[in-house]
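Work through the exercises below with the sequence and the coordinates open. Each task is followed by a solution in steps.

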Amino acid sequence: MKPLLAQTPVGQAYRYRQICHRQTQGQWGFSLVEFLVGSTIGMILLSAATLLWAEYTRMHHGWVQEARLDHDLRASARLLISHLRRAGYWASPASHRLNPYAELQFTEKEILFYTSRDATENHQIDANEVFGIRLKKDVLEFALGTQNWQALTDPHALRIRSFELRPAWPMIDCDTPSEALVLQLVIVAESSARIPLIRRHEALVTLRNPVKMRPCDCPNSPSTKPCLGVKSAPS
């Protein structure tokens, strides 16, 4: 026969507590010290991950900046080269005439050259047949016509530090058109972003038409001095 106490509400509550005690034996929670240690380790790992992400972001911005500088510099040089190769083009050559477009004029600040654009050749240089290159206030400018200078580079993306265009071999007669004249193009640019980055682009430009050079150091008579071309520094 069961005891009378087990059938009362007090006895049933006591029995329930015993059952719960047996079921929870061997189960423990985190102490305050364990919680603090775990939180500290988690904060250290989170800080390390944040630093790694910040470093990766900085490196990514640097890669994007470098790629943009290289692209802009190469695109500008490619455009200049494509126009320079057409220097001295004469739409309708005549044996009894001298080529009026066969001249490269070098001054201390700019380069001028000429290309025929006549629908019907008139054998003279018109305003829209004058082209030029110059460096002004860290911007490379290109002339499409007389005094029609337009910015070729964006100063917010890159600053042109120096620009050089000279014959690959310097001894040139300034009065005689030269066949297959080869010019050396050198452009040094700096990124306008916060991270300092400098790039140098060099290229050889072979002119397709015979031209003669009129640099600033060549006299009117046939020259025995080397034609050094143009070397522009930041203005």
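## Exercise 1: a polar contact of Gln65

In this predicted model, the side chains of Gln65 and Ser191 make a polar contact at 2.8 Å.

Task: Place Gln65 in the fold, classify its exposure, and list its contacts beyond four places in sequence.

Solution.
1. Gln65 belongs to helix H2.
2. Its relative accessibility is 11%. The cut-off for buried is under 20%, so Gln65 counts as buried.
3. With neighbours up to four places away set aside, Gln65 is in contact with Ser191, Ala193, Ile195 and Leu197. Ser191 is thus both a contact of Gln65 and its polar partner.

## Exercise 2: the chain as a whole

Task: Describe the protein chain by its secondary structure, burial, contacts and accessible surface.

Solution.
1. The chain contains 2 helices and 10 strands.
2. Along the sequence the order is α-α-β-β-β-β-β-β-β-β-β-β.
3. Of its 235 residues, 34% count as buried.
4. Take the contacts between residues at least 6 apart in sequence: 58% of them join residues at least 24 apart.
5. The exposed area is about 15400 Å², and carbon and sulfur atoms supply 59% of it.

## Exercise 3: nonpolar cores

Task: Find the largest nonpolar core, state which elements supply it, and then examine Leu104.

Solution.
1. The largest nonpolar core has 32 residues, and Leu104, Phe163 and Ile187 have the most contacts inside it.
2. At least two residues of this core come from each of H2, E1, E2, E3, E4, E6, E7 and E8.
3. H2 gives the most, with 6 residues.
4. A second, separate core has 8 residues, among them Ala94, Leu112, Val130 and Ala143.
5. Leu104 sits in strand E1 and is buried, at 1% relative accessible area.
6. Beyond four places in sequence, the contacts of Leu104 include Ala87, Leu112, Phe113, Leu181, Leu183, Leu207 and Val211.
7. Val211 is 107 residues from Leu104 along the chain, yet their C-alpha atoms are separated by 6.8 Å.
8. As background, nonpolar side chains tend to be buried together in soluble globular proteins.

## Exercise 4: a nonpolar patch on the surface

Task: Which residues form a nonpolar patch on the surface, and is Leu32 buried or exposed?

Solution.
1. The patch consists of Phe30, Leu32, Phe35 and Leu36, which together have about 530 Å² of accessible area.
2. Leu32 is in helix H2.
3. The relative accessible area of Leu32 is 61%. Exposed means over 50%, so Leu32 is exposed.

## Exercise 5: salt bridges

Task: Take three salt bridges, identify the elements they join, and find which residues are linked in a network.

Solution.
1. The whole structure has 10 salt bridges.
2. In one of them, Arg199 pairs with Asp70, with the closest N and O atoms 3.2 Å apart. Arg199 lies in strand E8 and Asp70 in helix H2, so this pair ties together parts 129 residues apart in sequence.
3. Arg199 is partly exposed at 22%, and Asp70 is partly exposed at 24%.
4. Arg161 and Asp138 form a salt bridge with an N to O distance of 3.3 Å. Arg161 is in strand E6 and Asp138 in the loop between E3 and E4, so parts 23 residues apart in sequence are tied together.
5. Arg161 is partly exposed at 29%, whereas Asp138 is buried at 16%.
6. Glu190 and Arg159 form a salt bridge with an N to O distance of 3.8 Å. Glu190 lies in strand E7 and Arg159 in strand E6, so the pair ties together parts 31 residues apart in sequence.
7. Glu190 is buried at 16%, whereas Arg159 is partly exposed at 23%.
8. Asp138, Arg159, Arg161 and Glu190 are linked in a network of salt bridges.

## Exercise 6: Arg134

Task: Is Arg134 buried or exposed, and which side chain makes a polar contact with its side chain?

Solution.
1. Arg134 is located in strand E3.
2. Its relative accessibility of 18% counts as buried.
3. The polar contact is with the side chain of Glu141, at 2.6 Å.
4. Beyond four places in sequence, Arg134 touches Lys109, Glu110, Val139, Leu140, Glu141 and Trp149.

Key:
Residues are numbered from 1 along each chain as its sequence is written. This is a predicted model: local features need pLDDT of at least 70, side-chain atom pairs count only at pLDDT 80 or more; totals for chains, interfaces and linings use all residues. Side-chain values use heavy atoms; hydrogens and water are left out. Patches are made of residues with over 30% relative accessible area and no salt bridge: like charges are joined within 9 Å, nonpolar side chains (Val, Leu, Ile, Met, Phe, Trp, Tyr) within 5 Å. Accessible areas come from the Shrake-Rupley method with a 1.4 Å probe; for residues, only the protein chains shown count as cover. A salt bridge is a side-chain nitrogen of Lys or Arg within 4 Å of a carboxyl oxygen of Asp or Glu. Buried means under 20% relative accessible area, exposed over 50%, partly exposed in between (1.4 Å probe, protein chains only). A nonpolar core is a set of buried Ala, Val, Leu, Ile, Met, Phe, Trp, Tyr and Cys residues joined through side-chain atoms within 4.5 Å. A polar contact is a pair of N or O atoms within 3.5 Å; within protein, one must be able to donate a hydrogen and the other to accept it, and residues adjacent in sequence count only if both atoms are side-chain atoms. Contact means heavy atoms within 4.5 Å.
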